[in-house]
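Reader: I would like to go through this structure with you and ask, at each step, what a given term rests on. Please set each value against its criterion before drawing a conclusion.

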Amino acid sequence: MAATSASAIQNAVTPSRPSVRDVDVCIIGAGPVGASLACRLAVDGISVAIVDRADLSPMEHPDFDGRAYAIAAGPKKLLEEAGIWQALPLSSCPIEDILVTDGRPGEPASSLFLEFTREDARQPFGWMVEARALRVALNATLHIVPGITVLAPAEARVIRRPEGADIHLDDGQSFKASLVVAADGRKSRLRSEAGIPLTKLSYGQTAIVCAIAHEFPHDNGALEHFLPAGPFAQLPMAGTEEHPYLSAIVWSDKDALAQRFADLPDDVFAKEIERRMGSNRLGKVSPIGRRWVYPLSAQYAQRYTDTRLLLVGDAAHGIHPIAGQGLNLGFRDIIALSDILVTAHAKGEDLGAPVLLARYQARCRPANMLMLAATDALDRLFSNNNPVVRLARDIGIAGVHRLPALRKAFVKHAMGL
Ligand SMILES: Cc1cc2nc3c(=O)[nH]c(=O)nc-3n(C[C@H](O)[C@H](O)[C@H](O)COP(=O)(O)OP(=O)(O)OC[C@H]3O[C@@H](n4cnc5c(N)ncnc54)[C@H](O)[C@@H]3O)c2cc1C
């Protein structure tokens with residue numbers, strides 16, 4: 001009797017979900033990749049249901065949390081087409097200069113360096129967007145664009161057959177979809193349920209991520225300073241009234257040391273950051289807000305497809321953040337996939353047909369494997385204190401610096417153009 005009353009009360013306070021219609025595409029996971037895909041497809045009239053175990057209510061003012069993404073030019077265009085960029089509640093900061101240096105903590109950077117400047121591209125190399133601003137924009141857009149059914153917080157059980165997929169929600173509702181997209185992150189349950197093998201590479205490194213205020217302006221410049229224990233990146237952020245000069249840092253260090261660094265008191269932590277910048281370009285620094293610690297690894301799925309199923313974003317690939325390209329790779333999956341699906345939808349084709357799934361894998365997987373291999377090689381080459389290797393790589397980066405055509409080619413690729 002008591003149990004019946006409790007469930008009656010629960011039903012009275014939990015608004016029941018509107019019944020879910022069958023859709024063209026069901027996306028599991030509403031992280032930046034899954035949510036952007038939902039908005040992009042719906043803009044072109046494809047009906048979408050998106051399921052996430054986290055709550056996706058539109059948010060007002062989430063607290064500053066010190067995390068930010070570098071979003072390249074190609075992915076920015078995708079976000080504009082999906083109506084997300086326009087909904088960003090905070091300014092983004094253009095990256096107009098990237099300095100690549102090599103050194104040791106507490107020492108000036110090597111005199112051989114590589115610098116990408118405004119002359120190497122006709123637009124910024126990328127834009128720094130606060131993670132909380134992107135989340136606000138995604139949640140708002142998911143609820144505004146017609147044709148998207150948002151199912152969150154919810155868990156789904158997916159049954160896939162050659163003729164279609166059935167999705168069963170934890171509240172007892174069911175619906176059908178022609179295609180299921182796994183955008184459920186690195187530990188993708190859909191990927192493991194489909195039996196798709198995963199290969200993992202470990203780096204023995206952990207990243208400390210936070211924001212820093214500094215004495216001098218960054219002039220929209222980013223720094224990638226290679227140190228023996230791992231790369232240290234400074235990325236320019238839009239300032240606030242309180243902190244006019246603000247940057248994000250991604251400091252990769254050995255697993256055993258990173259947590260100890262992250263736990264240091266503010267003043268000692270600030271000194272350790274200054275020791276890793278290779279110069280006094282930004283002057284005195286002070287850490288702002290929370291410090292995040294992420295163990296680093298790379299991983300890739302052996303295939304991106306199964307019956308009526310596609311993997312996108314971190315469910316398909318995860319890379320070292322050395323080049324700030326992890327999310328951008330996921331966005332590039334979405335650019336290719338939305339192109340394939342929108343064209344097929346306009347022709348009235350079955351969106352889960354094996355030929356379309358194969359086309360997506362052929363467009364994305366080789367390029368993603370190349371980026372994974374490049375970031376892996378960069379980290380292994382630079383996280384190394386051998387003097388001969390150091391000299392060779394310094395000559396290498398200085399060589400690229402002197403070849404404008406090669407610099408421009410690098411930039412074009414990294415910008416996703
Ligand atoms: C230290 C660090 C710094 C980084 N910096 C950058 C950067 O500067 N630029 C950049 O491009 N990338 C960066 N990245 C990479 C970037 O964070 C990821 O690539 C990106 O978050 C992947 O997005 P996603 O949507 O694929 O997955 P996720 O962000 O992991 O989202 C997965 C979603 O799926 C949901 N979910 C999971 N399982 C289920 C389930 N069973 N049912 C329902 N929902 C589920 C989760 O709740 C979540 O919302 C960085 C990564 C690290 C570790």
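Reader: To begin with a pairing, which residue of β7 does A70 stand opposite?

Author: A70 stands opposite M128 in β7. Please keep in mind throughout that this is a predicted model. The pair belongs to a longer register, since five bridges join β3 to strand β7 (residues 126–130), and the two strands run antiparallel.

Reader: What makes β3 and β7 count as paired strands?

Author: The criterion asks for at least two bridges found by DSSP between two strands. With five bridges joining them, β3 and β7 satisfy the criterion and are therefore called paired.

Reader: What is the order of the three strands in the open sheet that holds β3, and why do β3 and β4 stand at its edges?

Author: The order is β3-β7-β4, with antiparallel pairing. β3 (68–72) and β4 (93–95) each have a single partner strand, so one side of each is left without a neighbour in the sheet. From one strand to the next, the twist averages 30°.

Reader: Which helix packs on this sheet, and what angle does its direction make with that of β3?

Author: Helix α3 (residues 73–81) packs on the sheet, where it touches β3 and β7, and its direction makes about 95° with that of β3. Within α3, the residues A73, P75, K76, L78 and L79 are buried, and the buried residues of this helix pack against α2, β3, β7 and α8. Just after α3, G83 takes a positive phi of about 80°.

Reader: Why is S297 called partly exposed?

Author: S297 has 15 C-beta neighbours inside 10 Å. A residue needs 20 or more to be buried and 12 or fewer to be exposed, so the value for S297 falls in between and the residue counts as partly exposed.

Reader: Where does S297 lie, and which residues is it in contact with beyond its neighbours within four places in sequence?

Author: S297 has its place in strand β16, and its contacts, once those neighbours are left aside, are K200, L201, S202, Y203 and G318. As for G318, it lies 21 residues from S297 along the chain, and the C-alpha atoms of the two are separated by 7.5 Å.

Reader: How many strands form the open sheet that includes β16, and what leaves β6 and β19 at its edges?

Author: Eight strands form that sheet, in the order β6-β5-β13-β14-β15-β12-β16-β19, and the pairing is mixed. β6 (114–116) and β19 (317–318) each have a single partner strand, so one side of each lacks a neighbour in the sheet.

Reader: How do you know that the pairing is mixed?

Author: The pairing of the eight-strand sheet is mixed, and individual pairs show both senses. Strand β5 (residues 97–102) pairs with strand β13 (residues 221–227) in the parallel sense over six bridges, whereas β5 and β6 pair in the antiparallel sense over three bridges. L99 takes part in both pairings: its bridge partner in β13 is L223, and its bridge partner in β6 is E115.

Reader: What makes you describe β15 as mostly covered, and which strands does it pair with?

Author: Eight of the nine residues of strand β15 (residues 246–254) are buried, which is what the description rests on. Strand β12 (residues 198–214) pairs with β15 in the antiparallel sense over nine bridges, and six bridges join β15 to strand β14 (residues 230–237), again antiparallel. L246 illustrates both pairings, being the bridge partner of A213 and standing opposite M237. Helix α6 (residues 255–262) lies across β12, β15 and β16 (285–301), and runs at about 25° to β12.

Reader: Which residues are closest to the ligand, and which element gives the most to the shell around it?

Author: The ligand is surrounded by 31 residues, of which G29, G31, G185, G313 and G326 are the closest. The elements that give two or more residues to this shell are α2 (32–43), β3, β12 and α8 (326–346), and α8 gives the most, with four. By class, the shell has 15 nonpolar, 10 polar and six charged residues.

Note on methods: Residues numbered from 1 in each chain as written. Predicted model: local features only at pLDDT ≥ 70, side-chain atom pairs only at ≥ 80, totals over all residues. Contact = placed C-beta atoms within 7 Å. Axes fitted to C-alpha atoms, helices over the stretch in contact; angles between N-to-C directions. Near = placed C-beta within 6 Å. Nonpolar A, V, L, I, M, F, W, Y, C, P; charged D, E, K, R; others polar.
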